[in-house]
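User: I am new to this structure and would like a short tour. Could you take me through it step by step?

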Amino acid sequence: MSAPDTPLTTPEVSSATPPLATPDTFLLDGRPIPFTPGQTLMQAAQAAGVYIPHLCHHADFDPIGSCKVCSVRIQGRTVASCTMPARAGLVVESETPELHHDRQRLTQMLFVEGNHHCPFCEKSGACHLQAVAYHLDMQDTHFVHTAPHHEVDATHPDVWLDRSRCILCELCVRASREVDGKDVFAIGGRGAHTTLLVNSPSGQLHDSDVAVTDRAVHICPVGALMPKRQGFVIPIGQRPYDAADIAQRPEDS
């Protein structure tokens, strides 16, 4: 006995076709991102108004890929978006649970390795580390606070250096070298003993070439370097990240 005939049906075709990368775009979380030759994934994303969390990247300087907060996934491989060249057809993932978790852990490690007490820090509300933590919905520091000893340099009449806030992003190093033309700062040491160095006979700011007007003094994202006598000039509540998520302020970095 033969089986009854099964009527043929035509499969439904979705009207919402997935976006495809064109010769001058790549896909970032399913969204086509245009780029120009020579741009990195980070640069192209920023130009398109798409935020990828980061700490050591700044649009005015060549990337170094040290913080790894901007890491994304491409075909199962994790890369730093600030150093990865954009290429046509790449399928890039940024907003995934795994990457979100990794970014949280990296940020939490920075908090416990330094002195980041936001409620009474004069950088609060304008601090990139704090703003990234808020963006990542960081609720605690997860790790045990190590409370390492870091030197504070208050020897300069106009500039304050608190190494316990330094996240080793090297922005002051690059700014001093590339903009100020002074090479005042450098990174030295290894592992937990890595620290920000001052290029002067004493190793302190007072006999260095730094000036309060230097770009290096003002580019610090966390308040490790700050001009003296200017704390809380902008009241709490009126600072950049008091009312806006850092993702809404692409011009900041």
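Analyst: Certainly. This is a predicted model. A good place to begin is the largest pocket, where helix 2 gives the most to the lining, with three residues.

User: Which elements each supply at least two residues of the lining of that largest pocket?

Analyst: Helix 2 and strand 9 each supply at least two residues of the lining of the largest pocket.

User: How much space lies in the largest pocket?

Analyst: The largest pocket holds about 650 Å³ of space. Its lining is made up of 26 residues, and the closest to the pocket centre are Leu110, Glu113, Cys166, Ile167 and Leu168.

User: What about cavities? How many of 30 Å³ or more does a search of the whole structure find?

Analyst: The search finds two cavities of 30 Å³ or more. The largest cavity has a volume of about 90 Å³.

User: Which residues lie nearest the centre of the largest cavity?

Analyst: Cys166, Cys169, Cys172, Leu196 and Cys220 lie nearest its centre, out of 14 residues that line the largest cavity. Cys166 also appears among the residues closest to the centre of the largest pocket.

User: Back to helix 2. Which strands does it lie across?

Analyst: Helix 2, residues 97–112, lies across strand 3 and strand 5 (91–93). Its direction is at about 155° to strand 3.

User: In what order do the five strands of the open sheet come?

Analyst: The order is 2-1-5-3-4, and the pairing in this open sheet is mixed. Strand 2 (31–34) and strand 4 (77–80) are the edge strands, each pairing on one side only. From one strand to the next, the twist averages 40°.

User: How many bridges join strand 3 to strand 4?

Analyst: Four bridges join strand 3, residues 71–74, to strand 4, and the two run antiparallel. As an example, isoleucine 74 has arginine 77 in strand 4 as its bridge partner.

User: Changing topic to charges: how many salt bridges are there?

Analyst: The count comes to seven salt bridges. In general, side chains of opposite charge can pair when their charged atoms come close. One of the pairs here is glutamate 95 with arginine 103, at 3.9 Å from N to O.

User: Is arginine 103 buried or exposed?

Analyst: Arginine 103 counts as buried because its relative accessibility is 3%, which is under the 20% limit. Its partner, glutamate 95, is partly exposed at 49%.

User: Which residue does lysine 182 meet in a salt bridge?

Analyst: Lysine 182 meets aspartate 214, with 3.0 Å between N and O. This pair links distant parts of the chain, 32 residues apart. Aspartate 214 sits in the loop between strand 9 (195–198) and helix 5 (215–218), while lysine 182 sits in the loop between helix 4 (171–178) and strand 8 (185–188).

User: What is the relative accessibility of aspartate 214?

Analyst: Aspartate 214 has a relative accessibility of 6%, so it counts as buried. Lysine 182 is partly exposed, with a relative accessible area of 26%.

User: And what does arginine 177 meet in a salt bridge?

Analyst: Arginine 177 meets glutamate 178, at 3.6 Å from N to O. Here arginine 177 is partly exposed at 39%, and glutamate 178 is partly exposed at 41%.

User: Finally, which residues are linked in a network of salt bridges?

Analyst: Glu122, Asp162 and Arg165 are linked in a network of salt bridges.

Conventions
Residues numbered from 1 in each chain as written. Predicted model: local features only at pLDDT ≥ 70, side-chain atom pairs only at ≥ 80, totals over all residues. Heavy atoms only, no water. Salt bridge = Lys/Arg side-chain N within 4 Å of Asp/Glu carboxyl O. Buried < 20%, exposed > 50% of the residue type's maximum accessible area, 1.4 Å probe, protein only. Pairing = 2+ DSSP bridges. Axes fitted to C-alpha atoms, helices over the stretch in contact; angles between N-to-C directions. Contact = heavy atoms within 4.5 Å. 1 Å grid on protein atoms, 1.4 Å probe; cavity = no way out; pocket = protein on both sides within 12 Å on 5 of 7 lines; lining within 4 Å. Points joined across faces, edges and corners; volume = space filled by probe spheres on them.
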